[in-house]
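Reader: I am new to this structure and would like to understand how the words used to describe it are justified. Could you take me through them one at a time?

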Amino acid sequence: MAGLVTSPPPGGPLVVQPLRRRHCAECRSGPLAMLVVEGGAPRCLDCADLGHLVFLPRGDTALTRRSREESALSAVVVRFNRRKGRYERQGVLVEEAGLVRAEERCLADAEARRRRRVRDARRRAVQDVRFTESFAAEIRRLFPGCPEERARAIASHASLRGSGRVGRSAAGRALSEGAVVSAVVASVRHVDTPYDALLMSGVPRHEARRRISGSVEAVLRGWRVPGRVEEAAQAPG
């Protein structure tokens, strides 16, 4: 315990979690889980008039700060780290009533954050619906022969928040023609051709795309020109 200050630091009393067995120099109780050094001798919390305080481990910065604000008396708890050669903070001792008030304040903040998250989620949901509708409308503009439900399905898939798909890219959010066409092509490739089956059979991706490229173009031609959907569906693969 050499080098540990025996006078209280500016932030209040200092309490130590000893690494070795220590007994109180005043009441002889021990071994002590926590102690205060007074005049170079260890004192238990009761003898140091800190026995009524409760220990709050470090980790929750807001709760720690508010607990000290709500407590007329508090103490910092430290333990010596042999490897680093220094005392490190382990938590604080605070009044139980102060801890309760601090917890109530934190819970109030947590509830406020929860309500804000709900509001934000609702706002994002509305934005997502509007964006998906705009994306589907752009698909229908570029591919008037695309069935309405299919356009919605493509738009919903491509614009899913957090998916990283083309609809969430900068180009997709700007409804650029390239991004919209890419989303449509991807859908046709997976839904209207044997592309997935080719991949599952071991065909390399680039070769699989080459084999189904004609089928993809046939569907796209049918969707670009109304009235040619049946022709596209009957086009050879």
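**Reasoning from values to words**

Author: In this predicted model, buried residues make up 36% of the 237 residues in the protein. Read along the sequence, the pattern is β-β-β-β-α-β-β-α-α-α-α-α-α-α, with 8 helices and 6 strands in the protein.

Reader: Why is Arg150 called buried or exposed, whichever applies?

Author: Arg150, which is found in helix 3 (residues 148-158), has a relative accessible area of 17%. Because buried means under 20% relative accessible area, Arg150 is called buried. The C-alpha atom of Arg150 is separated by 9.6 Å from that of Arg140, a residue 10 residues apart from Arg150 along the chain.

Reader: What makes Arg116 buried, exposed or partly exposed?

Author: Arg116, whose place is in helix 2 (residues 96-142), has a relative accessible area of 40%. Buried is under 20% and exposed is over 50%, with partly exposed in between, so Arg116 counts as partly exposed. Arg116 also belongs to a positive surface patch, formed together with Arg113, Arg117 and Arg119. Patch residues need over 30% relative accessible area, and the 40% of Arg116 therefore meets that requirement.

Reader: Which residues of helix 2 are buried?

Author: Among them are Gly98, Leu99, Ala102 and Cys106, and also Phe131, Phe135, Ile139 and Leu142. The buried residues of helix 2 include Asp128 and Glu138 as well.

Reader: How do you know that the span of helix 2 agrees with the number of its residues?

Author: Helix 2 has 47 residues, which at 1.5 Å a residue should span 69 Å, and because its end C-alpha atoms are 67 Å apart, the two values agree.

Reader: Why is Arg28 called buried or exposed, and where does it lie?

Author: Arg28 lies in the loop between strand 1 and strand 2, and its relative accessible area is 58%. Exposed means over 50%, so Arg28 is called exposed. Arg28 has a positive phi of about 65 degrees, although it is not a glycine. Pro31 is found in that loop, between strand 1 (14-16) and strand 2 (36-38).

Reader: What makes the peptide bond from Gly30 to Pro31 cis?

Author: The peptide bond from Gly30 to Pro31 has omega near 0 degrees, and it is described as cis.

Reader: What makes Asp49 buried or exposed?

Author: Asp49 is found in the loop between strand 3 (41-43) and strand 4 (53-57). The relative accessible area of Asp49 is 59%, and because exposed means over 50%, Asp49 is called exposed. Asp49, although not a glycine, has a positive phi of about 65 degrees.

Methods: Residues are numbered from 1 along each chain as its sequence is written. This is a predicted model: local features need pLDDT of at least 70, side-chain atom pairs count only at pLDDT 80 or more; totals for chains, interfaces and linings use all residues. Side-chain values use heavy atoms; hydrogens and water are left out. Patches are made of residues with over 30% relative accessible area and no salt bridge: like charges are joined within 9 Å, nonpolar side chains (Val, Leu, Ile, Met, Phe, Trp, Tyr) within 5 Å. Accessible areas come from the Shrake-Rupley method with a 1.4 Å probe; for residues, only the protein chains shown count as cover. A salt bridge is a side-chain nitrogen of Lys or Arg within 4 Å of a carboxyl oxygen of Asp or Glu. Lys and Arg count as positive and Asp and Glu as negative; His and the chain ends are not counted. The place of a charge is taken as NZ of Lys, CZ of Arg, CG of Asp or CD of Glu. Helices (H or I, at least four residues) and strands (E, at least two) are DSSP runs, numbered from the N terminus. Buried means under 20% relative accessible area, exposed over 50%, partly exposed in between (1.4 Å probe, protein chains only). The expected span of a helix is 1.5 Å times one less than its number of residues.
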